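Here are some exercises to work through with the structure in view. Try each task on your own, then follow the solution step by step.

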Amino acid sequence: MLPVKNRPREKMAAYGAGVLSDAELLAILIGTGTKELSVFDLAEKLTADGGLYRHLAGITQLRELTKIKGLGPAKAATILAALEIGRRLATAKPIERRCFSCPQDGADYLMPRLRFAPKEQFLVVLLNSKNRVIGTEVVSEGSLTGSVVHPREVFQPAILQHAAAIVVSHNHPSGDPHPSREDKEITKMLVEAGKIIGIPVLDHIVIGDGTYYSFQEEGAL
């Protein structure tokens, strides 16, 4: 039996998937071995001499895998699914990301998510250098105050995902999107923080019931 630190799952948890060999990755998919071969021995046999790429990678039918001794239908289906995901990732076209070219674009993107939310949610939309969306993160839920919506929580995902700019947004469950005093204070605080950090806040969009208020559109940034 392999020492715990050398077992594929434990190695993956400790160091990430990138450090695992082809055999170790395949062993995780297979799960268990046979009476004659351990799961790792079976995986090494299947990946020997570049087998993962020369043989397995070209397989598209389940029956081709079940011909291999030690692979029943369940194990074969798991491997085939992983191979197909790999093929699709390799040939995938770039994602056409949503672009925020004006406040209306932001409102259209955020309205379906926030319009009917029963509680106030504060979101940060991460944008790349072309103002295309690369991610959306929930910062807080509940009544908004400066102590809850802190620049640290707002800008952390932007820094981690290398965003070039952000748009922040929250909803008013009352349906009226006009900003409160707290909304204005939070906006001012975040805009100033963005200037210091170098990740500008392009807009703060307040979502109501089918309507919105844009600080950028109203010249209130």
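**Exercise 1.** Decide whether Ala-193 is buried or exposed in this predicted model, and find which residues Ala-193 touches beyond four places away in sequence.

*Solution.*
- Step 1: Locate the residue. Ala-193 sits in helix H9, which covers residues 181–197.
- Step 2: Check its accessibility. The relative accessible area of Ala-193 is 11%, and buried means under 20%, so Ala-193 is buried.
- Step 3: Look for its partners. Setting aside residues up to four places away in sequence, Ala-193 touches Pro-151 and Phe-155.
- Step 4: Try a distance too. From C-alpha to C-alpha, Ala-193 and Gly-142 are 22 Å apart in space, with their positions 51 residues apart in sequence.

**Exercise 2.** Work out which residues of H2 are buried and where they lie around the helix axis.

*Solution.*
- Step 1: Recall a rule about helices. An α-helix has 3.6 residues a turn, so residues three or four places apart point the same way.
- Step 2: List the buried residues. In H2 they are Ala-23, Glu-24, Leu-26, Ala-27 and Ile-30.
- Step 3: Look down the axis. The buried residues of H2 fall within an arc of 165°, so they line one face of the helix.
- Step 4: Ask what that face meets. The buried residues of H2 pack against helix H1 (8–15), helix H3 (39–47) and H6.
- Step 5: See what comes next along the chain. Gly-31 follows H2 and has a positive phi, near 85°.

**Exercise 3.** Describe how H2 packs against H6 and against H1.

*Solution.*
- Step 1: Choose what to report. Two packed helices are described by the angle between their axes and the distance between the axes.
- Step 2: Take H2 (residues 22–30) and H6 (residues 73–91). Their axes come within 9 Å and cross at roughly 130°. That makes H2 oblique to H6.
- Step 3: Name the residues that meet. On the H2 side they are Leu-26, Leu-29 and Ile-30, and on the H6 side Lys-75, Thr-78, Ile-79 and Ala-82. This contact of H2 with H6 divides into five nonpolar residues, one polar and one charged.
- Step 4: Turn to H1 and H2. Their axes come within 9 Å and cross at roughly 115°. That makes H1 roughly perpendicular to H2.
- Step 5: Name these residues as well. H1 contributes Pro-8, Arg-9, Lys-11 and Met-12, while H2 contributes Glu-24, Leu-25, Ala-27 and Ile-28. The contact of H1 with H2 has five nonpolar residues, no polar ones and three charged.

**Exercise 4.** How many disulfides does a search of the whole structure find, and why does Cys-102 form no bond with Cys-99?

*Solution.*
- Step 1: Remember the bond. A disulfide is a covalent bond between the sulfur atoms of two cysteines.
- Step 2: Search the structure. The count of disulfides is zero, and Cys-99 is in none.
- Step 3: Compare the distance with the cut-off. A disulfide needs two cysteine sulfur atoms within 2.5 Å. The cysteine sulfur closest to that of Cys-102 is in Cys-99, at 8.9 Å, which is too far for a bond.
- Step 4: Add the accessibilities. Cys-99 counts as partly exposed at 26%, and Cys-102 counts as partly exposed at 32%.

**Exercise 5.** Describe the phi angles and surroundings of Asn-131 and His-162.

*Solution.*
- Step 1: Start with the usual case. Most residues other than glycine have a negative phi.
- Step 2: Look at Asn-131. Its phi is positive, about 60°, although Asn-131 is not a glycine. Asn-131 lies in the loop between S1 and strand S2 (133–141) and is partly exposed, with a relative accessible area of 26%.
- Step 3: Look at His-162. Its phi is positive, about 55°, and His-162 is not a glycine. The loop between helix H8 (151–160) and strand S3 (165–171) holds His-162, which counts as exposed at 69% relative accessibility.

**Exercise 6.** Find how far apart Ala-117 and Asp-209 are in sequence and in space.

*Solution.*
- Step 1: Place Ala-117. It lies in the loop between helix H7 (103–114) and strand S1 (121–127), and at 10% relative accessibility Ala-117 counts as buried.
- Step 2: Place Asp-209. It is in the loop between strand S4 (201–207) and strand S5 (212–214), and Asp-209 is partly exposed at 45%.
- Step 3: Give both separations. Ala-117 and Asp-209 are 92 residues apart in sequence and 10 Å apart in space, C-alpha to C-alpha.

Note on methods
Residues numbered from 1 in each chain as written. Predicted model: local features only at pLDDT ≥ 70, side-chain atom pairs only at ≥ 80, totals over all residues. Heavy atoms only, no water. Axes fitted to C-alpha atoms, helices over the stretch in contact; angles between N-to-C directions. Helix = DSSP H or I, 4+ residues; strand = E, 2+ residues; numbered from the N terminus. Parallel < 35°, antiparallel > 145°, perpendicular 65-115°, else oblique. Contact = heavy atoms within 4.5 Å. Nonpolar A, V, L, I, M, F, W, Y, C, P; charged D, E, K, R; others polar. Buried < 20%, exposed > 50% of the residue type's maximum accessible area, 1.4 Å probe, protein only. Arc of directions from axis to C-beta.
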